Amino acid sequence: MTKKLLEVLSGEAVWPPPVWLMRQAGRFLPEYRAVRATTSGFMDLATTPEKAAEVTLQPVRRFGMDAAILFSDILVLPWALGQDLTFEAGEGPILPPIRDAAGVAALDTTKVRPAIRPILETVRQVHASLKEDASNGGTDATLIGFAGSPFTVACYMIEGGGSKEFANVRAMAHGQPELFAELMEKITTATITYLSAQVLAGAEAVMLFGSWDGILSPRLFRTHAIAPAARIAAALRSRFPRVPFIGFPRLAGLMIGEYVQKTGVQALALDTSAEPTLAAGMIPSHVAVQGNLDPLALVAGGAALEDETAALLAAMRGRPHVFNLGHGILPQTPPEHVAALIAQIRGA
Ligand code: CP3
């Protein structure tokens with residue numbers, strides 16, 4: 001039996017569409033908070049395979065999601081390259097910022113393979129659990145592996161954490177192009193290693209999270225968002241031709257057509273701002289669209305959620321569509337609203 005999500009990623013329109021939610025393994029779930037409370041922090045959880053596998057599977061068990069996304073973070077890659085990483089409650093990630101040649105030179109791509117071992121063990125354990133559930137007539141959820149896009153990862157590495165504008169990053173990309181290119185090269189190479197290893201461990205599809213790609217000027221978007229994504233997708237395709245690739249160039253706006261054409265992705269994840277019918281018209285009809293319900297509609301629930309969901313379902317009917325949010329689920333989302341959303345989609 002073909003899994004519903006993989007069917008859509010192969011270019012089929014499936015009705016009702018498969019559904020999963022970005023950041024579905026996370027703080028909005030009490031069972032996640034319970035496991036998280038047994039750890040010393042986010043990285044402890046992400047590098048303890050039994051616990052990471054458990055929280056990966058929680059949303060699949062509770063809601064019957066069509067995908068399990070590996071529980072990890074896009075910032076595990078800088079950590080694997082040797083950059084310190086901590087997650088402070090309420091503040092998000094903190095890294096020692098990289099602003100000069102010495103900082104870039106200190107990143108060590110040979111550290112990646114040993115560092116990611118516990119993450120790969122999580123992938124293996126989730127893969128085994130899903131297989132066992134499937135053979136018992138249970139879930140047919142697809143296991144998705146992921147990484148951040150090189151530019152988005154560079155944003156956090158240079159800025160040292162989150163930011164509204166990532167001004168230091170854009171200043172380096174424009175003002176120190178050679179240093180910036182060297183950093184991007186290291187991240188891109190490490191990302192290919194990391195995603196390939198996830199596939200070998202059992203990931204059945206991969207997604208590249210370009211959460212900040214769209215803040216680049218169109219010229220730099222070509223160089224620093226499209227080109228590295230195309231290189232990563234091509235490397236994965238040559239080794240694993242049957243493993244679909246989902247691209248999420250958030251806020252890419254008018255650049256999505258070129259992104260899809262140059263990267264050859266099987267699915268384009270749309271952010272909340274993209275008008276789905278217009279966006280779908282900019283990409284070939286066999287390329288799946290993933291998205292793009294407003295995470296705040298899911299927080300609101302009730303008629304607001306029903307109306308937004310019905311409109312999105314109707315707009316994407318007849319083309320390959322993976323129902324998802326336009327950005328990650330918010331911690332204040334009531335789990336009952338997620339259950340109502342899934343029921344509405346499945347009843348459509
Ligand atoms: O369920 C899933 O989607 C799988 C796990 C996952 C996490 N982060 C877990 C996480 C995935 C796919 C990510 C991706 C990620 N991480 C992105 C790209 C997607 C996006 O949302 O734009 C980005 C930009 C990050 C970086 C990051 N990680 C930030 C900015 C933060 C702090 C803000 C926040 O939401 O707390 C994190 C921490 C993080 N990553 C948490 C989780 C569940 C919360 C921390 C905790 O539980 O202590």
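## Core, central strand and ligand site

Val-338 touches Leu-21, Phe-28, Phe-63, Met-65, Leu-298, Ile-329 and Thr-333, leaving aside residues up to four places away in sequence; contact here means heavy atoms within 4.5 Å. This is a predicted model, in which local features need pLDDT of at least 70 and side-chain atom pairs count only at pLDDT 80 or more, while totals for chains, interfaces and linings use all residues. Residues are numbered from 1 along each chain as its sequence is written, and side-chain values use heavy atoms, with hydrogens and water left out.

Val-338 is also among the residues with the most contacts inside the largest nonpolar core, which has 128 residues. Such a core is a set of buried Ala, Val, Leu, Ile, Met, Phe, Trp, Tyr and Cys residues joined through side-chain atoms within 4.5 Å. Buried means under 20% relative accessible area, exposed over 50%, and partly exposed in between (1.4 Å probe, protein chains only). Helix α11 (residues 177–201) supplies the largest share of this core, 12 residues. Helices (H or I, at least four residues) and strands (E, at least two) are DSSP runs, numbered from the N terminus.

Met-207, another residue listed for that core, belongs to strand β5 (residues 205–210). Six of the six residues of β5 are buried, so the strand is largely enclosed by the rest of the structure. In a regular strand the side chains alternate between the two faces of the sheet. In β5, Ala-205, Met-207 and Phe-209 point one way, and Val-206, Leu-208 and Gly-210 the other. Strand β5 pairs in the parallel sense with β4 (residues 142–148) over five bridges, and five bridges also join β5 to the parallel strand β6 (residues 245–249). Two strands pair if DSSP finds at least two bridges between them. Met-207 is the bridge partner of Phe-146, and Ile-246 in β6 is the bridge partner of Met-207.

The ligand has 21 residues around it, of which Tyr-32, Arg-36, Asp-73, Ser-211 and His-327 come nearest; a residue counts if one of its heavy atoms lies within 4 Å. The table gives polar contacts, pairs of N or O atoms within 3.5 Å.

| Ligand atom | Protein partner | Distance |
|---|---|---|
| Oxygen | Arg-23, polar backbone atom | 2.8 Å |
| Nitrogen | Asp-73, side-chain N or O atom | 2.7 Å |
| Oxygen | His-327, side-chain N or O atom | 2.7 Å |

Taken alone, the ligand exposes 860 Å², and the protein buries 88% of that; areas come from the Shrake-Rupley method with a 1.4 Å probe.

Arg-23 has a positive phi of about 65 degrees although it is not a glycine. Arg-23 is exposed, with a relative accessible area of 55%.

Terms used: Polar contact = N/O pair within 3.5 Å; in protein donor to acceptor, adjacent residues only side chain to side chain.
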